[in-house]
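Trainee: I have a model open and would like to go through it with you. May I start with the helix packing?

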Amino acid sequence: MIGSWLVLAAAICTSMLGQVLLKMGTLGSGGFIHQLFRWQTIIGLGFYGGAAMLYIVALRKLPMSVALPCTAASYVIIAMIGHFGFGEALGLQKIAAIALISAGVVLLATA
């Protein structure tokens, strides 16, 4: 069972890396088609595919009712990366939402 949790953690990390690469692919000039074919976007989509495969492996042993909500942990980290890495706003309301998500993930993972 610990192996399944590690695979789920790997899926979450892989998905987050994909999200960061997709964001990097949107930076700079050019329209959607130009951004779609940037190397960051293409590799980011590859990471998303890899994350999906890892998630499928984790689902073999973990209940979906636990595994899927645990992926919400990525929202917390991505909000921090967005703020510190891309200069996105992080106000009091977002911080409160992150705290609620974190509490929910911990509560669910320990259920």
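Trainee: Which hand does the crossing of α1 and α5 have?
Mentor: This is a predicted model, so treat what follows as computed. Take the two axes: α1 and α5 come within 10 Å. The crossing of this pair is right-handed.

Trainee: How are α1 and α5 oriented, roughly parallel or roughly antiparallel?
Mentor: Start from the angle. The axes of α1 and α5 cross at roughly 30°. Angles under 35 degrees count as roughly parallel. Therefore α1 is, relative to α5, roughly parallel.

Trainee: And α1 with α3, roughly parallel or roughly antiparallel?
Mentor: Helix α3 covers residues 39-59, and its axis crosses that of α1 at roughly 165°. The cut-off for roughly antiparallel is over 145. So α1 and α3 are roughly antiparallel.

Trainee: Which residue classes make up the contact of α1 with α3?
Mentor: The axes of α1 and α3 come within 7 Å, and α1 passes α3 in a left-handed crossing. Charged residues are absent from the contact of α1 with α3. By class, that contact has 10 polar residues and 18 nonpolar.

Trainee: How many helices and strands are there in the chain?
Mentor: Read the elements from the N terminus: α-α-α-α-α-α. The C-alpha atoms fill a box of roughly 45 × 35 × 15 Å along the principal axes. The count is zero strands and six helices.

Trainee: Which side chains meet in a salt bridge?
Mentor: Side chains of opposite charge can pair when their charged atoms come close. The structure holds one salt bridge. Its N to O distance is 3.5 Å, and the partners are Glu88 and Lys23.

Trainee: How many residues apart are Glu88 and Lys23?
Mentor: Place each one. Lys23 sits in helix α1, and Glu88 in the loop between α5 and α6 (92-109). The pair links distant parts of the chain, with a separation of 65 residues.

Trainee: Which helix gives the most to the lining of the largest pocket?
Mentor: The pocket has a volume of about 160 Å³. Both α1 (2-26) and α5 (73-86) supply at least two residues each to its lining. With six residues, the top contributor is α5.

Trainee: How many residues of that lining are charged?
Mentor: The lining includes Lys23, Glu88 and Lys94. Lys23 and Glu88 also form the salt bridge. By class, the lining has six nonpolar and three polar residues, and the charged ones number three.

Technical notes. Residues are numbered from 1 along each chain as its sequence is written. This is a predicted model: local features need pLDDT of at least 70, side-chain atom pairs count only at pLDDT 80 or more; totals for chains, interfaces and linings use all residues. Side-chain values use heavy atoms; hydrogens and water are left out. On a 1 Å grid over the protein atoms alone, a cavity is a set of points where a 1.4 Å probe fits but cannot get out, and a pocket is an open set with protein on both sides within 12 Å along at least five of seven lines; lining residues have an atom within 4 Å of a point. Grid points are joined across faces, edges and corners, and a volume is the space filled by probe spheres set on the points. Helices (H or I, at least four residues) and strands (E, at least two) are DSSP runs, numbered from the N terminus. Ala, Val, Leu, Ile, Met, Phe, Trp, Tyr, Cys and Pro count as nonpolar, Asp, Glu, Lys and Arg as charged, and the others, Gly among them, as polar. Axes are lines fitted to C-alpha atoms, for helices over the stretch in contact, and angles run from 0 to 180 degrees between N-to-C directions. Angles under 35 degrees count as roughly parallel, over 145 as roughly antiparallel, 65 to 115 as roughly perpendicular and the rest as oblique. A crossing is left-handed if the near helix is turned anticlockwise from the far one by less than a right angle, and right-handed if clockwise. A salt bridge is a side-chain nitrogen of Lys or Arg within 4 Å of a carboxyl oxygen of Asp or Glu.
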